[in-house]
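Hi,

Here is the structure I promised to pass on. Have a look at it first, and my notes on what turned up follow underneath.

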Amino acid sequence: MKLCIAEKPSVAKDIAEVLGAKKRNDGYYEGNGYQVTWTFGHFCTLKEPHDYLDRWKMWRLEDLPMIPQSFGIKLIDNSGVKKQFKVIEKLIHSCSEVINCGDAGQEGELIQRWVLLKAKCQAPVKRLWISSLTTEAIKEGFQKLKAADQYNNLYAAGSARAIGDWLLGMNATRLFTKKFGQGKMVLSIGRVQTPTLAMIVARQKEIDAFVSEEYWELKTIYRETEFTAAIERLKSLDKANKGLEYLKQHPFVVTAFEIKEGKEGNPKLFDLTLLQVEANKRFGYSAEDTLKYVQSLYEKKFVTYPRVDTTYLSEDLYPKVKGILEDLTIYRNLTAPVLAKPIPKSKAVFDDKKVTDHHAIIPTGVSPSPGLHVEEKRIYDLIARRFIAAFYPECKVSNTTVLGTVGQVEFKATGKQIIEAGWKEVYANDKTEKKEEGDEEKIMPVFTVGESGPHAPLIHQGKTTPPKAYTEASLLRAMETAGKQVEDEEMRELLKDNGIGRPSTRANIIETLFRRKYIERRKKNIFATQTGIDLIDCIQYELLKSAELTGNWERKLRMIEKGEYQLDTFKQELIDMVTDITREVKSNSFKAIYVAPEKSKGPAKSKDAASKESKPKEAKEKKPKEDIAIDTLKCPKCKEYLLKQGNTAYGCSNFNQCGFKIPFVILGKKLSDKNIFDLLSKGKTAKLKGFTMPGTEKEVEGKLVMDGSFNVGLE
C-alpha cells in the first residue's frame, strides 16, 4: 500500500479523488492501492529551551546564550495534532512507500520531513511536486514522482532557517528583555522582524526630523506649452521676482526640438511580493490578506502555486499557454488578438535560468466559480490580466523634448504620446492603472528650432516635502531589496537573493510588528510607534538591525537550498554571532525601556492570578478584552487563516472551506474569551460550572475539550 501525506485535508481529498481512494476512514482515505492522509499545517516544532535543560525554563541573563548541543523536534501540544499524528504514524509503519504530497515549497518540505522524522519512517519516500491543484496537474505529478533525496537541500535550507530563528529569537529576546525590559515586559527580537522594524524606525526619524522649506521656480508659457527653467530652485521670493522681471524683457527662443520613438515593455508576471504590492496599491489590501486570497484561489484550482519569488515561466510551459488563454473565456475579448497569431516566446517571459522550484503566478485556465468573494475576484483579475498582457505587443510611444532660452535662462518641456497601445489595451478601461502610472499623454505642438515669440513668465511656489512614510507596498519592496530603493525591474531581480525574509513569510512579519504594537497604520501609511522606536534605540548591536546584513543571511539560506553552502557552517556563524551579541549586551549600559507585552503571551495566566486575588466584580473590571486577541490567532484546523468574530461564534475566516468554529454559548453556558483561548491553545478549558445538558434543567460542571476533529464536548 502506498501512503500519500498531504498538508491539508482539502488537498488530501483532491488527491484521493484523482487516485481513486474513495473509502473514508478516520483520518485518511483508502482505495486502489493508496492511502491518503494529511497534516494540517505544522505538526512539529523545534524543542523549547526547557526541553533541553530544566534551568532554561527561567529567563536569566546568566544562562545566556542557550546553545543546544543538537537540535531536536517535538509534536505541538494540541490534542487534534496528537490524534492525527498517531494515524499517520500507524500508516507509515505499515506502508510500502510514502509519497510526500506536502506544499511544494521550503516550508511544506520542512513540515512533512519533520513528521516523517518524528514517526521514524523507514519506508522509501517519493515526492509529489506540482504547481497547481487541478486534476490534470495532480495526474501529471503522479506520473512524474521525484526522488525525495532530490529535495534534501530544500529541507536543509528550511532546517537552517528554523534553527537560525531559534538561536537568535530565543536568545536575543531573553537577552534584551532581561537587560532592558521592565517588569514582565517582553522585548521581542527576530532575525527578520528586527531589521524590518529598524527600516520603519529610520524612515520615521527622517520624517520627524524633516523641516519643510519654501522654494520658488521660474516657469513660462509659450504656445500653450509650459516650460520650466533649468536652474536650481530659488530659496527666496526676492530672487524669484528679479528673475521674473528679467524674463519679461526677453522673447522665448526654441533651441532644440526632438521626437524619439520608444517602447514601454510589458509588465512582469506576478511573483507573490509583486502581487502583494499591486493589491496594496490598488485596493489597500494588506500583504497578509492578499496571501490569504491568492492561497484560497490556489486551493480552488484557479491559479498556480502562489508562494513564489520569480516572475518568469519555465520554457516547457510554452506549449500550454495557448490552451490556458483559450480557457479564459470571461476575458475572450482580450485574448482574441493574442490567439489570432502565434504566441510569442519571449525571454522576458520564458527563462529556465530564472525559474527555480516554481514559476510565476498565472491562471490555471479553470474558470472561477460565480460565488467567489469580491476580494478573490479582484486578485484573480490582477493575475489573469497580467498573464494576458505578457503576450501582447510592447507599447510604442513618442517622447518629445523641447529646449528653449529666454535671455540667458534655459528652459525645458517634455511630452509623451502613445502611438500603439500594445499591452496597455488590456488595461484600457482601468482608471486605477492610469492613476497609478501618472502617465497621462501630453501632446505637444510641433516647434521649429530658431523660432521666437512672446511668452508668459510666472513664478511657481512650492514646499519641500518629507520622505514618504512606508506603505505595505513600499515596505514589501524594501524587504525584497534589503532596504535599497530600486525601481528598475531587472535590478530588482538581481537583488532578490539578498532580500530579507521570504515571499511567504514577509506578510506574517509585518502583521507580527502590528500585533506587538511596534508599528501602526494611519490610512495606508505605516508608522513606528514610540515603543518600536525605543526598542530599536536600545539595540546597539548593528548586525541585528541591518537589513543589508540580514539580506546576506538570506542569500546564504538560498545557497544552502542550491547546495552551494553548508547548514553546519551557517549554524556555526549564527552561534558565533549570538555569543558575540550576548557578551556585548551583558556589558552594555543603557536606559531601561517600557514595551507593551505581546498579546499572545502570558495574559491568560496573569489574568487567572489576578482574579483569585480580587473580588468577582473587580476581577471582571480588570479583564481588558484586548489582552486575549482571539482574532489575531490562526485557525487551529487549517493553520492558514485568522479567526474571525461572528454574531454567534468565533470561526475561521475561510469558514466556507474550512468549517471551523467555536460558539460563544455551549450547553447553555456563555464562554469568556479566556475559555475560548484555552480551547484554542490547550485543547481544553479549566473546570467550569453552569452547563445545562439537553433534556434536563440541572446544571453540571466539567471541562470543555476539543477533539482531533475539532469538535467541542464536555468531560
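Before the details, one term: two strands count as paired here if DSSP finds at least two bridges between them. Keep in mind, too, that this is a predicted model.

With that in hand, start at strands S18 and S19. S18 is joined to S19 (residues 525–528) by four bridges, and the two run antiparallel. If you want a spot to click on, Arg521 sits opposite Ile526 in S19. Both strands belong to an open sheet of three, ordered S17-S19-S18, with antiparallel pairing. S17 (470–471) and S18 (519–522) are the edge strands, each with a single partner, so one side of each has no neighbour in the sheet. As general background, strands of a sheet pair through backbone hydrogen bonds, either parallel or antiparallel. Helix H17 (residues 503–515) lies across S18 and S19, and runs at about 95° to S18.

Further along the chain there's another set of strands. S20 (residues 643–645) and S21 (residues 649–652) run antiparallel, joined by three bridges, and a hairpin of three residues links S20 to S21. Lys644 is the residue opposite Gly651 in S21. S21 also pairs with S22 (residues 661–663), again in the antiparallel sense and over three bridges; there, Ala649 stands opposite Pro663.

Now for the helices. H20 (residues 547–561) packs on H21 (residues 567–586) at an angle of about 160°, and their axes are 10 Å apart. Angles over 145 degrees count as roughly antiparallel, so that is how H20 lies relative to H21. Their crossing is left-handed. Which residues make the contact? From H20 they are Trp553, Lys556, Leu557 and Ile560, and from H21 they are Leu567, Phe570, Glu573 and Met577. Sorted by class, that contact has six nonpolar residues, two charged ones and no polar ones.

Last, go back to helix H1 (residues 9–19). Its buried residues are Val11, Ala12, Asp14, Ile15, Ala16 and Leu19. What do the buried residues of H1 pack against? The strands are S1 (2–6), S3 (28–31), S4 (34–38) and S7 (97–101), and the helices are H5 (135–143) and H10 (287–299). Right after H1 comes Gly20, which has a positive phi, near 80°.

Cheers

Definitions and conventions. Residues numbered from 1 in each chain as written. Predicted model: local features only at pLDDT ≥ 70, side-chain atom pairs only at ≥ 80, totals over all residues. Heavy atoms only, no water. Axes fitted to C-alpha atoms, helices over the stretch in contact; angles between N-to-C directions. Parallel < 35°, antiparallel > 145°, perpendicular 65-115°, else oblique. Left-handed = near helix turned anticlockwise from the far one by under 90°. Contact = heavy atoms within 4.5 Å. Nonpolar A, V, L, I, M, F, W, Y, C, P; charged D, E, K, R; others polar. Buried < 20%, exposed > 50% of the residue type's maximum accessible area, 1.4 Å probe, protein only.
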